[in-house]
Amino acid sequence: MEKACALEKETTSSTINTKQGEENTPGSSSTSAVEDSPAPCRGDTDNPSEEEGNSKLSLISWNVDGLDSEKQPERARGLCSYLMTHSPDVVFLQELIQPYVRFMKNRLAADYTFIEGGKEGYFVGMMLKKSRVTLLDSKIFDFPLSRMMRNLLFAQVLFRGQTLHLMTSHFESCKAHATERMRQLEIVMRKMTHAPDDVTVLFGGDTNLRDAEVAKVGLPSSVCDVWEQLGEPEHCRYTWDTQTNTNKDVEYKCRLRFDRLYLRRAAKEGVPQLEPDSMALIGLEKLQCGRYTSDHWGIYCTFSTE
């Protein structure tokens, strides 16, 4: 997201340096606010036969703004509630902090495999639904010139017998860092296009990209922007919307499409094709505490297999 450029400095605030013992409360010393949450959070599709019959892949990508200390327990419970409701096969998360991860694991580890793109400061992560997605391998690729601890998290998985490469990242923030942000996009595009031709590749994350930056870099012909592929639906164009989302008190209101999904289909003949099916924004409702789950809207997307 478009955080203040102070993120260039290694984050050492008390929000991140929460004591290890505060397992149940992201960024707070009070545990009572979160202990009343049911655990674990489970979705409505716990029936294995129903899941086996569902050939669609579902995915959520969301910058959860773990760096914001305001109402963290309530917002973390809100995040778990959205995951419970949608029960996605794959989750891409950005701006995680360790207290957030511990909070989510306490409630969701029975159903999801967690992969973390870091251990200190803020970082990206993935969640894979155990009953639907099998993890084969994972790696972290650092962006060598990043001044904000940014990297690319990669996972090789099996979904219904098909090999997928999953990637998530949080590209460099702030308008002044467009050059590094475009460099990071180029790295991701190279990795997507260099994948074996019998593999489908999905990237999602908070890219902080402006349309002009994407146009300057250019997408390879084999890679598509999922939102564009679905016909550029207006209802899910803007994922960073300070006109509506009031979590951040900013002077200049704006609406931008920072969060994006990219797809490279498998090219080998006979390999099932993953096709974008639907997209919607989530997190649009204010929680009872008066704040939204994050300062970003999340993306919920489904893909059909052909």
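These legends accompany close-up views of a predicted model. Local features are described only at pLDDT of at least 70 and side-chain atom pairs only at pLDDT 80 or more, while totals for chains, interfaces and linings use all residues. Residues are numbered from 1 along each chain as its sequence is written, and side-chain values use heavy atoms, with hydrogens and water left out.

**View 1. Confidence along the chain.** The average pLDDT (the predictor's confidence in each residue, from 0 to 100) is 87 for the chain. A score of at least 70 is reached by 83% of the residues, whereas residues 1-49 stay under 50.

**View 2. The open sheet.** Six strands (DSSP runs of E, at least two residues, numbered from the N terminus) lie in the order S3-S4-S2-S1-S14-S13, with mixed pairing. Strands pair if DSSP finds at least two bridges between them. S3 (112-116) and S13 (274-282) each have a single partner strand, so one side of each is left without a neighbour in the sheet.

**View 3. The S13 and S14 pair.** S13 and S14 (residues 298-305) run antiparallel and are joined by eight bridges. Glu275 stands opposite Ser304 in S14.

**View 4. Helix H5.** This helix (a DSSP run of H or I, at least four residues) covers residues 178-193. Among its buried residues (under 20% relative accessible area, 1.4 Å probe, protein chains only) are Met182, Leu185 and Met189. The buried residues of H5 pack against several elements, including strand S6 (151-159), strand S7 (162-170) and helix H6 (211-217).

Note on methods. Contact = heavy atoms within 4.5 Å. Expected span 1.5 Å × (residues − 1). Buried < 20%, exposed > 50% of the residue type's maximum accessible area, 1.4 Å probe, protein only.
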